[in-house]
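Colleague: Got a minute? I'd like to go through the empty spaces in this protein with you.

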Amino acid sequence: NTIVDMYSENPNGADPYNYTYNSSQCGNGAVEGICYNREHIVPQSYFDEVTTNFTRSDAHHIYPTDARVNNERGNYAFGKISNANYTSQNGSKRGPLLNSGYSSGAGTPIVFEPIDEFKGDVARAILYFATRYETQMSNFYNSVNVTQCASKIMFDGTNDHVFTPTFLNILLVWNQQDPVSDKEIIRNNAVYAHQGNRNPYIDNNSYVTSIWGPALSNQTFDY
């Protein structure tokens, strides 16, 4: 009866702390373990509120997370990091992108890396976002905030390809590395009951490669 927070959950032992639904919510936390808030997997700062309120409130890419860790993640893109300059209590990390292996090709911007247990969750949520909002991506790109450096690491400015080659390969590797879990299936069902649509990449994970292609075979899967 506690919230599964991908930035504090410990899949191999006791969690450092837990949150109960509708309790300990806040806007920001001074330190980790105080309260939780809403994490937009695709950062809300990338798109203006004028795009669509549904985009801002779409539960398929919004997760409850520790407020302090959410703040440390900020609006950084996701990626495989080299040397961490911040690490949460469960091992989620922020630091320069590892410009090698499956994450090569984008230089060394600052990115955020969740633990392996949730890499696939993040990938499938972002792939869902691009699929669900394909016809609205032009408005997304017209946002004044999407010109940020962090967003350019992820998005290529098109409606159909959507992602940069490096970022897409990160998503494909993470989807492969971390298969769909029971937690995702239960959550997908709950979101469907709430807002009437589903994440197809959770229902049928083969859609990931049939739509987006396989991860580059000549990359080193250094996970």
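**Pockets, cavities and a sheet**

Modeller: Strand E1 (36–40), strand E2 (62–66) and helix H7 (182–195) each supply at least two residues of the largest pocket's lining. Keep in mind that this is a predicted model.

Colleague: Which element gives the largest share of that lining?

Modeller: H7 does, with 6 residues. The whole lining of the largest pocket counts 19 residues.

Colleague: Which residues lie nearest the centre of the largest pocket?

Modeller: Tyr21, Ile62, Tyr63, Pro64 and Arg187.

Colleague: And what volume does the largest pocket have?

Modeller: About 690 Å³.

Colleague: How does its lining split by class?

Modeller: The largest pocket's lining has 11 nonpolar residues, 5 polar ones and 3 charged ones.

Colleague: OK, next one. How much space lies in the second largest pocket?

Modeller: About 170 Å³. Here E1 gives the largest share of the lining, 3 residues.

Colleague: Which residues line the second largest pocket?

Modeller: Arg38, Glu39, His40, Pro43, Gln44, Ser45, Asn70, Gly74 and Asn75. By class, that lining has 1 nonpolar, 6 polar and 2 charged residues.

Colleague: Now closed spaces. How many cavities of 30 Å³ or more does a search of the whole structure find?

Modeller: It finds 2. The second largest cavity has a volume of about 50 Å³.

Colleague: What lines that second largest cavity?

Modeller: His60, Tyr63, Glu184, Arg187, Asn188, Val191, Asn199 and Ile202. H7 supplies the largest share, 4 residues. Tyr63 and Arg187 also lie among the residues nearest the centre of the largest pocket.

Colleague: And the classes in the second largest cavity's lining? How many nonpolar, polar and charged?

Modeller: It has 3 nonpolar, 3 polar and 2 charged residues.

Colleague: Changing topic. What is the strand order in the open sheet of 4 strands?

Modeller: The order is E3-E6-E5-E4, and the pairing is mixed. Strand E3 (77–78) and strand E4 (86–87) are the edge strands, each pairing on one side only.

Colleague: Remind me, how do strands of a sheet pair?

Modeller: Through backbone hydrogen bonds, in either a parallel or an antiparallel way.

Colleague: So do E3 and E6 run parallel or antiparallel?

Modeller: Parallel. E3 is joined by 2 bridges to strand E6, residues 110–113.

Colleague: Which residue in E6 does Phe78 stand opposite?

Modeller: Phe112.

Colleague: Great, I'll look at those on screen.

Notes
Residues numbered from 1 in each chain as written. Predicted model: local features only at pLDDT ≥ 70, side-chain atom pairs only at ≥ 80, totals over all residues. Heavy atoms only, no water. 1 Å grid on protein atoms, 1.4 Å probe; cavity = no way out; pocket = protein on both sides within 12 Å on 5 of 7 lines; lining within 4 Å. Points joined across faces, edges and corners; volume = space filled by probe spheres on them. Nonpolar A, V, L, I, M, F, W, Y, C, P; charged D, E, K, R; others polar. Pairing = 2+ DSSP bridges.
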